[in-house]
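Trainee: I would like to go through this structure with you and ask how each label attached to it is justified.

Mentor: Please look at the sequence and the structure, and then put your questions.

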Amino acid sequence: MYIVTKEIASYIADNKDQLPIYPGEDVALGIWMDTSPLKNRIKWIHWTKCMTNHGRCHDQLKLMIGHNISPQKIILCYKAKDEI
């Protein structure tokens with residue numbers, strides 16, 4: 001999950017035809033920003049303590065439950081988050 005400023009989103013949208021395609025959005029975003037004129041103004045924040053990639057739905061400290069989990073597991077996780 002990425003949260004970006006309007007300036008970063010605008011930079012990507014305005015330069016989409018010139019930005020190289022890389023496998024994986026995380027790689028692409030990292031390279032694009034590292035080579036952009038915005039590089040020195042970007043603050044990278046890693047919320048790894050709030051994220052998990054294992055679908056641990058009942059952990060109240062986690063904000064993101066992950067990816068590459070089954071649709072059934074996602075439904076169960078959303079139900080669990082609603083209960084919390």
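The dialogue below sets values against the cut-offs behind each label.

Trainee: What makes the overall confidence of this model a matter for caution?

Mentor: The model is predicted, and the protein averages a pLDDT of 78, with 63% of the residues scoring at least 70. Confidence is highest in α1, at a mean of 94, and lowest in α3, at 71. Where pLDDT is low, the predicted coordinates should not be read in detail.

Trainee: How is the fold described, and how many helices and strands are there?

Mentor: The protein has three helices and zero strands. From the N terminus on, its elements run α-α-α. Helix α1 covers residues 6–14, α2 covers 25–34 and α3 covers 71–83.

Trainee: Why is the contact between Glu7 and Arg41 called a salt bridge?

Mentor: The label requires a side-chain nitrogen of Lys or Arg within 4 Å of a carboxyl oxygen of Asp or Glu. For Glu7 and Arg41 the N to O distance is 2.3 Å, so the pair meets the rule. Side chains of opposite charge can pair when their charged atoms come close.

Trainee: What does the pair of Glu7 and Arg41 tie together?

Mentor: Glu7 lies in helix α1 and Arg41 in the loop between α2 and α3, so the salt bridge joins parts that are 34 residues apart in sequence.

Trainee: Are Glu7 and Arg41 buried, partly exposed or exposed?

Mentor: Exposed means over 50% relative accessible area, and partly exposed lies between that and the 20% limit for buried. Glu7 has 41% relative accessibility, so Glu7 counts as partly exposed. Arg41 has 56%, so Arg41 counts as exposed.

Trainee: How many salt bridges are counted by this rule?

Mentor: The count comes to two. Besides Glu7 with Arg41, the side chains of Lys39 and Asp34 meet at 3.3 Å, N to O. That distance satisfies the 4 Å limit, so the label applies. Lys39 is partly exposed at 42% relative accessible area, and Asp34 is partly exposed at 45%.

Trainee: What makes Ser36 a buried residue?

Mentor: Buried means under 20% relative accessible area. Ser36 has 7%, so Ser36 counts as buried. Ser36 lies in the loop between α2 and α3. Leaving out residues up to four places away in sequence, Ser36 touches Tyr11 and Ile42.

Trainee: Why are certain residues grouped as a nonpolar core?

Mentor: The residues must be buried, of a nonpolar type on the list used, and joined through side-chain atoms within 4.5 Å. The largest such core has nine residues: Ile8, Tyr11, Leu19, Ala28, Leu29, Trp32, Met33, Leu38 and Ile42. The elements giving two or more residues to this core are α1 and α2, and the largest share, four residues, comes from α2. In soluble globular proteins, nonpolar side chains tend to be buried together.

Trainee: How do you know that Leu19 is buried?

Mentor: Leu19 has a relative accessible area of 13%. The limit is under 20%, so Leu19 is buried. Leu19 sits in the loop between α1 and α2. Apart from neighbours within four places in sequence, Leu19 is in contact with Tyr11, Ile12 and Trp32. Leu38, another member of the core, is in contact with Glu7, Ile8 and Tyr11 when its neighbours within four places are set aside.

Trainee: Why are the buried residues of α2 said to lie on the same side of the helix?

Mentor: The buried residues of α2 are Ala28, Leu29, Trp32 and Met33. They cover an arc of only 115° around the axis, which puts them on the same side of α2. An α-helix has 3.6 residues a turn, so residues three or four places apart point the same way. What covers these buried residues of α2 includes α1.

Trainee: What label does Ile31 receive, buried or partly exposed?

Mentor: Ile31, found in helix α2, has a relative accessible area of 30%. This value is not under 20% and not over 50%, so Ile31 is partly exposed.

Trainee: How many of the residues count as buried, as a percentage of the protein?

Mentor: Of the 84 residues, 21% count as buried. The accessible surface comes to about 6,900 Å², of which 58% belongs to carbon and sulfur atoms.

Conventions
Residues are numbered from 1 along each chain as its sequence is written. This is a predicted model: local features need pLDDT of at least 70, side-chain atom pairs count only at pLDDT 80 or more; totals for chains, interfaces and linings use all residues. Side-chain values use heavy atoms; hydrogens and water are left out. Buried means under 20% relative accessible area, exposed over 50%, partly exposed in between (1.4 Å probe, protein chains only). Contact means heavy atoms within 4.5 Å. pLDDT is the predictor's confidence in each residue, from 0 to 100. The arc is that of the directions from the helix axis to the C-beta atoms. Accessible areas come from the Shrake-Rupley method with a 1.4 Å probe; for residues, only the protein chains shown count as cover.
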